[in-house]
Amino acid sequence: MLRQQGLVAIIGLVVLFVVLHLGFAPEHHAPRTSGATMLGGIAFLLMTCSIVLSTRLPVLEDLFGGLDRMYQVHRVAGTFTAIFALVHFFGVPKELPEGVDPVANALVPSAPMGMLGLVFLVIGLFVALNRKIRYSRWRPTHKVMALVYVLIIGHFMTAPGIFFERFSVSGILLMLAAVVGIVSLVYSLFGMNRRTAIPFTIEAVNALERATEVVLKPVGEMLNFRPGQFAFVEIQDKGWSEPHPFTISSAPEEDRLRFTMKVLGDWTRKVREDLQPGGEVLVRGPYGRFDAAASGAKKQIWLAGGIGLTPFLSKLRAMEKGDDREIHLVYAAREEQDAIFLDELKTRAAELGNITLIPLFSDEGNFARVDKMQENLRDPLDTYEYFMCGPKPMTDGLLKDLKKAGVSRRNIHTEAFEFR
Ligand SMILES: Cc1cc2nc3c(=O)[nH]c(=O)nc-3n(C[C@H](O)[C@H](O)[C@H](O)COP(=O)(O)OP(=O)(O)OC[C@H]3O[C@@H](n4cnc5c(N)ncnc54)[C@H](O)[C@@H]3O)c2cc1C
């Protein structure tokens with residue numbers, strides 16, 4: 001779940017800037033100038049936040065509730081950056097104040113840098129939000145945002161004093177933000193944001209129904225993680241391109257690392273068709289804060305849709321007998337054949353005793369529904385804590401219905417399987 005601390009920090013920063021900018025506006029600035037530069041400043045601060053989020057720092061994961069949430073906020077902050085930048089562009093007075101030499105003003109590079117930055121920003125945002133563009137093609141193009149950021153810094157650092165005073169209080173705040181942004185940018189662009197890679201060898205590649213289980217043996221140390229966390233998997237061979245994120249489906253105590261990968265596109269198909277035991281893999285992580293054990297709730301409902309079972313699989317594999325939680329695991333799949341690891345889940349549920357397994361197959365007309373849950377649970381819905389992972393339409397629908405049924409959003413935790 002998205003934690004509020006991170007959002008509060010972003011909103012607090014923006015509010016601080018607005019107060020300083022308007023409260024200490026130079027007298028020679030017309031209200032329209034102050035308003036327009038305020039919007040430009042907000043755009044810059046949001047872009048800085050977006051860049052800071054791409055550092056993937058663990059402290060930020062704590063503030064925002066996991067890397068997947070950080071990327072969602074990164075995307076929203078990026079969108080608002082473009083909106084504020086556009087309004088800023090249209091809002092800035094186009095006529096020069098009296099007494100300003102137009103020739104001298106035309107020589108200042110601020111306006112062309114701002115224009116260029118804005119054009120790249122809008123194109124970059126269009127590309128970033130266009131899901132039709134393949135991830136592997138999209139990723140390198142997204143780096144153009146670094147250029148946009150530098151252009152925007154150049155834009156306000158060279159802005160004539162008639163529009164923006166860089167040594168005003170709000171100007172100093174923007175310059176400090178620029179320093180943080182540039183450091184974060186260098187950190188992310190040069191890969192320093194990636195956690196140390198731990199080498200593994202591929203021990204087995206097991207074909208499952210529409211998914212593949214990849215079993216990795218550590219070359220040296222084992223990755224330390226908590227059930228429900230994910231990691232980036234980088235196959236060390238020609239043609240495997242970028243790292244891909246996958247939830248670790250094994251338990252932390254196991255001496256092997258297991259990932260269960262649904263065949264979705266080129267990369268996951270290649271895993272199923274071409275990946276061979278013996279190859280080398282780098283694993284970077286762990287990331288994520290989808291931790292049912294840490295919540296402390298004694299009554300939990302886990303809702304898994306299809307491949308969204310993987311975080312729960314790790315939790316179940318790690319759980320010990322005597323766990324005092326009452327857990328209902330709703331496992332929704334298209335058909336029984338599609339429900340990977342169903343037999344193992346049944347066995348674990350019988351061994352552990354505190355798990356009620358509810359498999360639902362849509363081809364039999366059974367879907368995960370809140371009204372059905374209400375009928376079958378002993379206690380009212382709002383006395384449980386919910387953990388959901390599955391296709392977006394499923395989790396969005398359940399989230400809406402649970403909230404309608406009076407369950408607090410704070411008690412509903414979701415894990416998103418996409419960053420874009
Ligand atoms: C936190 C998290 C945990 C995940 N856990 C699992 C899991 O346990 N099992 C599982 O089957 N899938 C999991 N996924 C999804 C998995 O990462 C994608 O299905 C896979 O990367 C698709 O790659 P592709 O080239 O085969 O498919 P494509 O068709 O190219 O991609 C499908 C979608 O996957 C995403 N994607 C593709 N490549 C990347 C990448 N390099 N980095 C980030 N996102 C990418 C994009 O949103 C894209 O739209 C998880 C994703 C995230 C973000």
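## Exercises on a three-domain chain

R134 pairs with D266 in a salt bridge, and their closest N and O atoms are 3.2 Å apart. Keep in mind that this is a predicted model. With that pair in view, let's work through some exercises together.

### Exercise 1: From one pair to a domain interface

**Task.** Find which domains R134 and D266 belong to, then describe how those domains meet.

**Solution.**

Step 1. Start with the bounds. The domain assignment gives domain 1 as 4–189, domain 2 as 197–287 and domain 3 as 297–415. By these bounds R134 falls in domain 1 and D266 in domain 2.

Step 2. Count the charged and polar links. Between domain 1 and domain 2 there is 1 salt bridge, and the count of residue pairs in polar contact is 1, both residues being at pLDDT 80 or more. On the side of domain 1 that touches domain 2, the elements giving two or more residues are α4 (67–91) and α7 (135–142).

Step 3. Look at the contact itself. Here 7 residues of domain 1 are in contact with 7 residues of domain 2. The area buried between the two domains is about 610 Å², and carbon and sulfur atoms give 60% of it. R56, L67 and R139 supply 53% of the area that domain 1 buries against domain 2, more than any other three residues.

Step 4. Add the spacing. Taken over C-alpha atoms, the centres of domain 1 and domain 2 are 38 Å apart.

### Exercise 2: The chain as a whole

**Task.** Describe the chain by its elements, its box and its contacts.

**Solution.**

Step 1. Count elements: the protein chain has 15 helices and 11 strands.

Step 2. Draw the box. Along the principal axes, the C-alpha atoms fill roughly 85 × 55 × 35 Å.

Step 3. Check burial: 50% of the 420 residues count as buried.

Step 4. Turn to contacts between residues at least 6 apart in sequence. Of these, 76% join residues at least 24 apart.

### Exercise 3: Three salt bridges side by side

**Task.** A search of the whole structure finds 24 salt bridges. Take D291 with R226, R348 with E351, and D396 with K392. Where does each pair sit, and is each residue buried or partly exposed?

**Solution.**

Step 1. Begin with D291 and R226, whose side chains meet at 2.8 Å, N to O. This pair links distant parts of the chain, 65 residues apart: D291 is in the loop between β6 (280–287) and α11 (292–295), and R226 is in the loop between β2 (211–218) and β3 (230–235). D291 counts as buried because its relative accessibility is 15%, under the 20% cut-off. R226, at 38%, is partly exposed.

Step 2. Move to R348 and E351, with closest N and O atoms 2.7 Å apart. Both lie in helix α13 (residues 342–352), 3 residues apart, about one turn of the helix. R348 counts as buried at 16% relative accessibility, while E351 is partly exposed at 40%.

Step 3. Finish with D396 and K392, whose closest N and O atoms are 2.9 Å apart. These residues are separated by about one helical turn because they are 4 residues apart in helix α15 (residues 392–404). Both are partly exposed, D396 at 39% and K392 at 49%.

Step 4. Bring in the general rule for the two helical pairs. An α-helix has 3.6 residues a turn, so residues three or four places apart point the same way. Side chains of opposite charge can pair when their charged atoms come close.

### Exercise 4: A covered helix and a threonine

**Task.** How many residues of α2 are buried, and which residues does T81 touch?

**Solution.**

Step 1. Size up the helix. α2 (residues 31–53) has 23 residues and reaches 33 Å from its first C-alpha to its last, close to the 33 Å expected at 1.5 Å a residue.

Step 2. Check its cover: 19 of the 23 residues in α2 are buried, so the helix is mostly covered.

Step 3. Now find T81, in helix α4. T81 counts as buried because its relative accessibility is 2%.

Step 4. List its neighbours. Leaving aside residues up to four places away in sequence, T81 touches A43, L46, M47 and L121. For M47, the backbone nitrogen lies 3.3 Å from a polar atom of the T81 side chain.

Conventions
Residues numbered from 1 in each chain as written. Predicted model: local features only at pLDDT ≥ 70, side-chain atom pairs only at ≥ 80, totals over all residues. Heavy atoms only, no water. Expected span 1.5 Å × (residues − 1). Buried < 20%, exposed > 50% of the residue type's maximum accessible area, 1.4 Å probe, protein only. Domains from an automatic or database assignment. Contact = heavy atoms within 4.5 Å. Buried area = accessible area lost by both parts, 1.4 Å probe. Salt bridge = Lys/Arg side-chain N within 4 Å of Asp/Glu carboxyl O. Polar contact = N/O pair within 3.5 Å; in protein donor to acceptor, adjacent residues only side chain to side chain.
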